[in-house]
Amino acid sequence: MAVMITEAPAPAGRPVRDRHHRGVSRWVVLALVTVGALVMLVPFAFMLLNAFKSPGDYSSGGPLSWPTEFYTKGLRTYWTEVNFPLKLWNSTLIAGSVAVLGVAVSLLNAYALGIGRVRGRLWIVGLFLLANMLPQEALIYPLYYVAKEIGLYNTQLSVIIIFTVIQSAFGTYLLASVMGTFPRSLLEAAALDGAGKWTVLWRVVFPNLRPTLAVLLIFFFIWTWNEFLIPLVMLIDNQTQTIPVALASLQGDRLMDAPTTNAGSLISLVPAILFFLIFQRTLARGITAGAEK
Amino acid sequence: MQRFRRIVTAIALAATATTAVAACGGGDSEDDSGAKTLKLWHYESENSAMGVGWNRAIEIFKAEHPGVEVRFERKAFEQIQQNAGMIINSSEGPDIMEYNKGNATAGLLSSQGLLTDLSAEADKRGWAGKLSPSLQTTARYSDKGVMGSGNWFGVPNYGEYVTVYYNKDLFERNGVKVPTTMAEMTAAMDTFVGKGVTPLGMAGAEYPAGQLFYQLALSKADRQFVDNYQLYKNPVDFKADPLKYGADTFADWVRKGYVAKDSASLKAEDMGTAFIAGKTPMIVSGSWWYGRFKTEMKANWDTFLFPGNTLHAGSSGNLWVVPANSKAKSLAYDFIDITLRPEIQDLIGNNGGVPVAGDPAKISDPKDRKLIEDFNTVSKQDGLAFYPDWPVPGYYDVLVGGFQGLINGSKAPDQVLDTIAKPYADGVKEITGK
């Protein structure tokens, strides 16, 4: 090892390009990352293991034992009992609408705050941040009463509106600070060319922020997908419910059905993972977008 | 900016309107005989005893009410537990639903005027005659929402009680006979301890410890004590029997090794799975385990009543309630009536549940029959004593904390009784105002 470090100092002025000759620290980091990744995967491994175990098997062997049979009834029970395709559609509809609307609202808000520089923007951004930090439990009752009064209680629209606001509070905060650093010269050049406010937003700001917006879109989607409390309160019909609420219906008063819950979690996780895999490249590009400039 | 202001005004207006409407909510609409749908919710799983029984009840209801649509939805227990008040205070709620019994749930909603008074129907249809006095306790609530007296706000369909589950194979292998008295019970546990087996499964982190303590205390108690403790008839002295006896005996059992010291941090699920896996000879717990043991356990097992007690922890199961906003009240009453018929009650019994008005002679499986006969014995001698954590809100955690200390030996019985006495007194003072 020591040889590797002392051997062949890089020629002056030329950085080392060969990644296999960068010393021992690279391998240490790799090992640490691998261990970290494995630790992250342990809960998923347990879920996978127990999703295909019969309840009797689980009760007598515990969560760590290897299943004695390949048991798929838990998966099938969950699928049919909660009418999973409908819940999947509901979740996708809600999370998808929130993601798109949330990003659109954040963009417009942030344009006014970050580039439009409205008066008192610091306070407004602070207010948005505060709204984002409020625990949802504190919001539940006011939301419930308003929704009930305007006839939106038990509709998906109520959840979409609520989460569009909550998510765009964060989005506005983030985008406003990003836009605060937007090169002024670019905006001035556009203005000189006769571009109005709308054209500047659409032709200059939007294309430059696209990677960041894509990341926001994905985050909003996944956050909304995983939300539990507000959908639980606002969507009381089985026809309108989302996947996390359906999962909760597997838990009884005093009894739990661990294998079915595991099976349910497994099915419920798949769409989010697929979504993540599809947009993974966008995510990576968005995060490094600032770094390349 | 102007639009923003308009939205703010709209929200403010909506908020004011809400308070005004909420203040005069709960209006009765008795004339709903023309209702054509019955919106019905419960949270029992499809193949549980109640799930099977109620599915049949829905079929009978449909046959007897041609032209009425039943819109049944299976809900999450969590959802009903957390939001029942909000749900039935809206127009989107069900016409009839299953709801949790007790002061903090059905009692609270009844005192807020969100539930329909069922007293007239109970008289007319003879529900009172089908339910024993200790089962009726959880069906009736005073105007303050305290159970035990007042109007009917719910109707139970099934019961539950704490009993002893034992592993027959382990009993035979160790030459232990089924105990019928407390002396035989301790002798049996001594035998197991002598062979290096911990006889009693326990879960200190959840309800089992409190229930065992209560069960032990009840062996020295009478109905007057239960009324004092649960219904606040008279003050309860925690430093005297029966509660003192319960705590002392519990500590004694821990010292003698009947209960494992390291069970202080276990959950009820751990206790149950250890019993299913055949690692524990006995557990003292509720009839809610019965169906699960029946389908999952390979070893031979059965139940016996906690020896020597006439009073047992237990109560009616959850209730059918009719929200005040129900749009089909008379249909809801008809449905409740169907679920109390012998046919449905026996069906619940034959699927491993404990029907409130079941006939053991109609139950085919001997183990099922034993479970129901035992329940009927307890129920007939007015022996259902409810649960130790019922009297005051938040008492569950107090009991868990107290008895964890007793199991792991960090507290003496006297100290535990002190710990649990004060929150009880404070809570009772808050409820009764005395």
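Two residues are taken to be in contact if their C-beta atoms, placed from the backbone, lie within 7 Å. On this basis, in a model that is predicted, the contact between the two chains draws 28 residues from chain A and 29 residues from chain B. On the side of chain A that touches chain B, the elements giving two or more residues are α3 (55–61), α7 (136–149), α11 (229–234) and α12 (243–248) of chain A. Among these, α7(A) supplies the largest share, namely five residues. In composition, this side of chain A divides into 13 nonpolar, nine polar and six charged residues.

Within chain A, the UniProt record, in an unreviewed entry, places the feature "transmembrane region" at residues 27–49, 88–110, 122–144, 156–176, 213–236 and 263–279. Two of these spans were examined in the model. Residues 122–144 of chain A are 91% helix and 0% strand, and the C-alpha atoms at the ends of the span lie 30 Å apart. For residues 213–236 of chain A, the corresponding values are 83% helix and 0% strand, with the end C-alpha atoms 33 Å apart.

A pair of helices in chain A was also characterised. Helix α5 (residues 84–115) of chain A and helix α8 (residues 156–180) of chain A have axes that come within 6 Å of one another and cross at roughly 35°, and the crossing of α5(A) and α8(A) is right-handed. The residues that form this contact of α5(A) with α8(A) comprise 18 nonpolar and 13 polar residues, with no charged residue among them.

In chain B, an open sheet of five strands is found in the order β2-β1-β3-β12-β6, and the pairing within this sheet is mixed. Strands β2 (69–74) and β6 (155–156) of chain B occupy the edges, and because each has a single partner strand, one side of each is left without a neighbour in the sheet. The partnership at one of these edges is that of β6(B) with strand β12 (residues 319–321) of chain B, which pair in the antiparallel sense over two bridges; here P156(B) has L319(B) in β12(B) as its bridge partner. Helix α15 (residues 329–339) of chain B packs on the sheet, where α15 touches β1 (37–42), β3 (96–99), β6 and β12 of chain B, and the direction of the helix makes about 50° with that of β1(B).

The surroundings of one residue of this sheet can be described in further detail. L38(B) belongs to strand β1 of chain B, and this residue counts as buried because 25 C-beta neighbours lie inside 10 Å, where 20 or more are required. When residues up to four places away in sequence are not counted, L38(B) touches V68(B), V70(B), R71(B), D95(B), I96(B), A328(B), L331(B), A332(B) and F335(B). The C-alpha atom of L38(B) is separated by 10 Å from that of I58(B), a residue 20 positions away along the chain.

Another strand of chain B, β9 (residues 282–286), is mostly covered, with five of its five residues buried. Strand β7 (residues 159–167) of chain B runs antiparallel to β9(B) and is joined to it by five bridges, and Y166(B) stands opposite M282(B) in β9(B). Strand β8 (residues 200–201) of chain B, by contrast, pairs with β9(B) in the parallel sense over two bridges, and the bridge partner of L200(B) in β9(B) is M282(B).

Several backbone features in the loops of chain B were also noted. A cis peptide bond, with omega of about 5°, joins D241(B) and P242(B), and P242(B) is located in the loop between α11 (223–231) and α12 (243–255) of chain B. The loop between α17 (366–380) and α18 (395–407) of chain B contains D382(B), which has a positive phi of about 55° although it is not a glycine. F386(B) is likewise found in the loop between α17 and α18 of chain B, and its phi is near 65°, a positive value in a residue other than glycine. As to burial, D382(B) is partly exposed, because 16 other C-beta atoms lie within 10 Å, whereas F386(B) is buried, with 25 other C-beta atoms within 10 Å.

Definitions and conventions: Residues are numbered from 1 along each chain as its sequence is written. Chains are lettered from A and ligands numbered from 1 in the order in which they are written. This is a predicted model: local features need pLDDT of at least 70, side-chain atom pairs count only at pLDDT 80 or more; totals for chains, interfaces and linings use all residues. A residue is buried if 20 or more other C-beta atoms lie within 10 Å of its own, exposed if 12 or fewer, and partly exposed in between; C-beta atoms are placed from the backbone. Helices (H or I, at least four residues) and strands (E, at least two) are DSSP runs, numbered from the N terminus. Two strands pair if DSSP finds at least two bridges between them. Axes are lines fitted to C-alpha atoms, for helices over the stretch in contact, and angles run from 0 to 180 degrees between N-to-C directions. A crossing is left-handed if the near helix is turned anticlockwise from the far one by less than a right angle, and right-handed if clockwise. Ala, Val, Leu, Ile, Met, Phe, Trp, Tyr, Cys and Pro count as nonpolar, Asp, Glu, Lys and Arg as charged, and the others, Gly among them, as polar. UniProt positions are given in the numbering used here, feature names are shortened, and annotations may be inferred rather than shown by experiment.
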